[in-house]
Amino acid sequence: MKNKLTIHLCFLVPFVITVLNLQVLVTMFISTVLAQIIAYFCLGLILLGIVLTLRNRGEFSRTARLWIYFYIIYFVIAIFSGAMHNNYTNIVASTIPFFYVLGFYYYLSLPENRKVFEKTAIISLILSCLTCIYFNSINFDLDVQGVGEYVVDRAQGVYGDANNMALVTVLTFIFIYKVYNPQKIIFKILKIGILAVVFYSLFITFSTTGLSVFIISLVILNSKFFTGLKLIFGICLLPIVYLLLLNLNSLTANMDLVGQQRDKINNLVNVLSLNFEEIDDSGRSELVAEVLHYIYKNPLMGNGVDFGALHQTHNTFIAIWADAGIFVLLFFIIMLGVYYHRAFSCSENIRYFVLPMLLAMCVFMLSLHSVINQPYLMAIFVYLGYLIDDETVEFT
């Protein structure tokens, strides 16, 4: 019993710490040294957990194993490229997500551990959303490391980035919607209330990508109900919903929206009306164009570990290409394709949980370079791999 508790703590404590981004908060308000100690402490726990699970592990996931192959290929080529072009970075810090992948690959091999992980993920993700709402209410801004002098346009949560926070809220919504299935009325009402709070934390990020992905994910989550008369009703309802979204500017005219808030509403309307020329990408296209200049110089082998991140690429696919070259990028795309292909072969219950989760993370890869650099997101990717390969699992 004590050994099981120790194993859970070895993996779940680091997971919660990374979900809540406590290391950054400790750096800002307490001490940089203490934050570094926390980072190495978490890494030590993961390594200890791997050692403790070596003798007692379940059947490994062939889908989740692809991430191990990816990181090995990525680091071998990117380290060589970095040395060749004299582009050096902190290799130790860059390998942390890989150790989380390896650790949770062992930890989640046992079905009972996956159950504990689900509960921990839901609680920690909800805490992240609640913190986002609280920070927004007091006008707290990580960029200024305190309460901002001006009104914060978009809620950034504990990550200091509105899009990153939007991704977390979408994942939180999907987790609660599918995994938490209470039987008593009072807990069903509680579930609805939590979902409403999570959606509010998404709304205040004013993320065009987040709101678009949320709508699609909500349709996928409920797709099995669109049969017969429900399908006809849903088809009839779609034009009404579409018209409402097209008129978001009119519907929100009386809201006291400031700065980027109104711009993001305009962005969503432009996306829905296919007015792509008017979409504001916050300067991301310029950043991508700058990195493409370096990519074209070294398209095959890349420029080194975290080269794309250091140049603020804000695009995971472009960042991988910039770091380790075209062959690693192709492997990455094929790996995601395998995830999708195998997810479609799952039972309906698992399929309609995994697909929106994958959709959210893959779409946000187009606007974030940090998706595969966040340990908690990599743990979720490994978890999805095990769900895809475990034909016996069901959410009840």
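Me: Before we get to L34, what counts as a helix here?
Reply: Helices are DSSP runs of H or I with at least four residues, strands are E runs of at least two, and both are numbered from the N terminus. By that reading, L34 is found in helix α3. This is a predicted model, where local features need pLDDT of at least 70, side-chain atom pairs count only at pLDDT 80 or more, and totals for chains, interfaces and linings use all residues. Residues are numbered from 1 along each chain as its sequence is written, and side-chain values use heavy atoms, with hydrogens and water left out.

Me: Is L34 buried or exposed?
Reply: L34 is partly exposed, at a relative accessible area of 33%. Buried means under 20%, exposed over 50%, and partly exposed in between (1.4 Å probe, protein chains only).

Me: Okay, new topic. How many salt bridges does the structure hold?
Reply: There are 2, a salt bridge being a side-chain nitrogen of Lys or Arg within 4 Å of a carboxyl oxygen of Asp or Glu. One joins D389 and R62, with the closest N and O atoms 3.9 Å apart. D389 sits in helix α19 (residues 375–389) and R62 in the loop between α3 and α4 (65–84), so this pair ties together parts 327 residues apart in sequence.

Me: And which residue pairs with D390?
Reply: That's R114, with the closest N and O atoms 2.6 Å apart. D390 is in the segment after α19 and R114 in helix α7 (residues 111–137), 276 residues apart.

Me: Are those two buried or exposed?
Reply: D390 is buried at 18% relative accessible area, and R114 is buried at 6%.
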